[in-house]
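Please look through the model shown here and work through some questions about its fold, its cores and its cysteines.

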Amino acid sequence: MDEAVGDLKQALPCVAEAPTVHVEVHQRGGSTAKREDIKLGVRKLLGRHSVVFGDYQWTEFDDPFLSRNVQSVSIVDTELKVKDPQPIDLSACTVALHVFQLNEDGPSSENVEEETENIVAASHWVLPAAEFHGLWDSLVYDVEVKSHLLDYVMTTLLFSDKNVDSNLITWNRVVLLHGPPGTGKTSLCKALAQKLTIRLSSRYRYGQLIEINSHSLFSKWFSESGKLVTRMFQKIQDLIDDKEALVFVLIDEVESLTAARSACRAGTEPSDAIRVVNAVLTQIDQIKRHSNVVILTTSNITEKIDVAFVDRADLKQYIGPPSAAAIFKIYLSCLEELMKCQIIYPRQQLLTLRELEMIGFIENNVSKLSLLLSEISRKSEGLSGRVLRKLPFLAHALYVQALSLAVDKQFEERKKLSADV
């Protein structure tokens, strides 16, 4: 327990202590090496690199033991709270190593029985899952959304470990991400569950992610009785009872709760519907008492979220469309990937916005392509992250100019659709 509390203290901001650098070690799927042996090899690797510049990854190793057993070693999340990255002296930091292996199995379905059929009530992943590998890094935000979420969950665990009286200081283990569609709310929830499973690997042996199917939950079958809801949450309770597991419950489009209650009050749904919704809220209140559970929710329609649920959310985070600076980072990562895969060839140097600022945005042979990308990014403001990730594919990666044409076409198609409506 002392070691786990120490991990939590490292993860929380503290002025008096040395800064913590998190290093994620991806152990190969077929490796049976002990984690302590892998950590020893990684510490030797880090000992040969006293200074790093921001996030960094090793995929090739001189050490035969690491080559056989480790896929990658990554220094991560150094830029979450620092806008201007600075060199990091590893010898002056607390280095936290997180060794993990990916679960290659896809999601399974959690069914609840109805008189005439089985209903798919939720999807279930064992974490860390190969499906979500790299998802955290692909999500780009203008504000410190990621660091706020990590700090929030770490604080809930620390308060539980210290037996803080919940009657004096209350927390519900409920997060609400709200904002327009396509901004990555659901992806962020899944990425957070994956990240925390890795970050707390010394405390929990694995993670569980249960994504509740809201549409099935409030179908005609569920409007008849709250018993099926209770059965579904009993399955979740069984997972929580395993204290070696960190459990995440994801309720997407949580405004569905409100829709059922509002329809009931308006007389358009049977009165049993409101009992079903109340059953969900009651079950959430029960499972939040456990220290190894986090409830993640999303909503596209903020004004329709039920007050009864909003009151339960400790953290209410707005996720909006990306700014030009965030769009630039998204495009940059897309083009880097296309060049790595040799879809764009030959490989060309791309400068970050920070590097462009340092040269005063002066155009030369090195900066020309990046300046063009910056211009396209400004033109792309208003598009969602979901659309932005599609554009390099639609542009077919011929030249970066094709990306500009794809942006124009996207706005043109949107205008036509609006006219038809």
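What follows is a set of questions with reasoned answers.

This is a predicted model, in which local features need pLDDT of at least 70 and side-chain atom pairs count only at pLDDT 80 or more, while totals for chains, interfaces and linings use all residues. Residues are numbered from 1 along each chain as its sequence is written, and side-chain values use heavy atoms, with hydrogens and water left out.

Q: How many helices and strands does the protein have?
A: Helices (H or I, at least four residues) and strands (E, at least two) are taken as DSSP runs, numbered from the N terminus. On that basis the protein has 16 helices and 13 strands.

Q: What percentage of the 421 residues is buried?
A: A residue counts as buried under 20% relative accessible area, as exposed over 50% and as partly exposed in between, with a 1.4 Å probe and protein chains only. Among the 421 residues of the protein, the buried share is 51%.

Q: Which helix gives the most residues to the largest nonpolar core?
A: A nonpolar core is a set of buried Ala, Val, Leu, Ile, Met, Phe, Trp, Tyr and Cys residues joined through side-chain atoms within 4.5 Å. The largest has 33 residues, and L127, L149, L188, L196, L209, F248 and L296 touch the most other members. Elements that each supply at least two residues include β8 (118-127), α6 (185-199) and β11 (245-251). The element that gives the most, with seven residues, is α5.

Q: What is the distance between the end C-alpha atoms of helix α12?
A: The expected span of a helix is 1.5 Å times one less than its number of residues. For the 17 residues of α12 (residues 324-340) this rule gives 24 Å, and the distance between the end C-alpha atoms agrees, at 24 Å.

Q: Is H98 buried or exposed?
A: H98 is found in strand β6 (residues 94-100). Leaving aside neighbours within four places in sequence, H98 is in contact (heavy atoms within 4.5 Å) with H22, V23, E24, V25, I198, R199 and S201. The relative accessible area of H98 is 7%, so H98 is buried.

Q: How many disulfides does a search of the whole structure find?
A: A disulfide is taken here as a pair of cysteine sulfur atoms within 2.5 Å. C189 is buried, at 2% relative accessibility, whereas C341 is partly exposed, at 44%. Across the whole structure, the number of disulfides found is zero.
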